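Q: Please take a close look at the ligand site in this model. Which residues are around the ligand, and how does the predictor rate its own result?

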Amino acid sequence: MSMGGALGKFIAADAEVGLAVKVYHRVNLALLGATPVALATDNTFLSFPVDMGLAIMFPLHGHIGMNYVITDYVPKLFSKAAVGPARAVMVGVTGFTMLGLTKLNVEGPGITGTLKALWRKE
Ligand code: HEM
C-alpha cells in the first residue's frame, strides 16, 4: 500500500513504512518500563501523567502490532482487497480505545487504579 503523509503512515502502520518499526520498538520498550512504574506511582502526583502515557502507548502498540497481523493474514484468509478496509477498522478501534482510556483517566480511577481494583477488597 503506498500512502504518503502522517495519516497514511498511521493507517498502514507496519513495516511497509520504515518509521513504524522504530516507533514500535521504542513503544514496546517504553511499555515494558512503564507498566511497573505505573503500579509503583499509583496514588501519587505521577499517576495521571503515567496513566495518560499508557492511554496513548497501549493502543499505539496494539495498532502497529495488529497492522503486521493484517498484512500477514488478511490476504491469506480473505483477499488483498480486504487489507484497506481492515486497516480502516483498526484506526477506529485504536481511536476509540485511546478515547475510552483517556476518559477513564480524566473522569474515573485511571488505568492503573482500575487494574488495581481487581485486588482491592470492597
Ligand atoms: C506491558 C505491555 C506490553 C508489552 C511489554 C508488549 C510487548 C510486545 C512485544 C515485544 C511484541 C513483539 C514485537 C515485535 O514483533 O517486534 C508485541 C507484539 C504485539 N503486541 Fe504487545 N505488549 C504489551 C501489551 C500489549 C497490549 C495491551 C496489546 C493489545 C492492545 C498488545 C498487542 C500486540 C500485538 C497485536 C502484537 C503483534 C503480534 C504479532 O506480530 O503477531 N500488546 N508486544
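A: What follows describes the shell around the ligand, then one residue in it, then the confidence scores.

The model is predicted. Around the ligand lie Asn28, Leu31, Leu32, Thr35, Phe58, His61, Gly62, Gly65, Met66, Tyr68 and Val69. Two helices, α2 (18-41) and α3 (47-77), each contribute at least two residues to this shell. The largest share comes from α3, which supplies seven residues. Sorted by class, the shell holds six nonpolar and five polar residues, and no charged ones.

His61 belongs to this shell and sits in helix α3. An unreviewed UniProt entry places the feature "binding site" at His61. His61 counts as partly exposed because 19 other C-beta atoms lie within 10 Å, whereas 20 or more would make a residue buried. Leaving aside residues up to four places away in sequence, His61 touches Val27, Asn28 and Leu31. Of these contacts, Asn28 and Leu31 are also among the residues around the ligand.

As for confidence, the average pLDDT of the chain is 91, and 94% of the residues score at least 70. Helix α4 (residues 83-107) has the highest confidence in the chain, with a mean of 97, and helix α1 (residues 5-11) the lowest, with a mean of 84. Where pLDDT is low, the predicted coordinates should not be read in detail. For the complex, the predictor reports an ipTM of 0.90 and a pTM of 0.90.

How values were computed:
Residues are numbered from 1 along each chain as its sequence is written. This is a predicted model: local features need pLDDT of at least 70, side-chain atom pairs count only at pLDDT 80 or more; totals for chains, interfaces and linings use all residues. A residue is near a molecule or strand if its C-beta atom, placed from the backbone, lies within 6 Å of it. Helices (H or I, at least four residues) and strands (E, at least two) are DSSP runs, numbered from the N terminus. Ala, Val, Leu, Ile, Met, Phe, Trp, Tyr, Cys and Pro count as nonpolar, Asp, Glu, Lys and Arg as charged, and the others, Gly among them, as polar. UniProt positions are given in the numbering used here, feature names are shortened, and annotations may be inferred rather than shown by experiment. A residue is buried if 20 or more other C-beta atoms lie within 10 Å of its own, exposed if 12 or fewer, and partly exposed in between; C-beta atoms are placed from the backbone. Two residues are in contact if their C-beta atoms, placed from the backbone, lie within 7 Å. pLDDT is the predictor's confidence in each residue, from 0 to 100.
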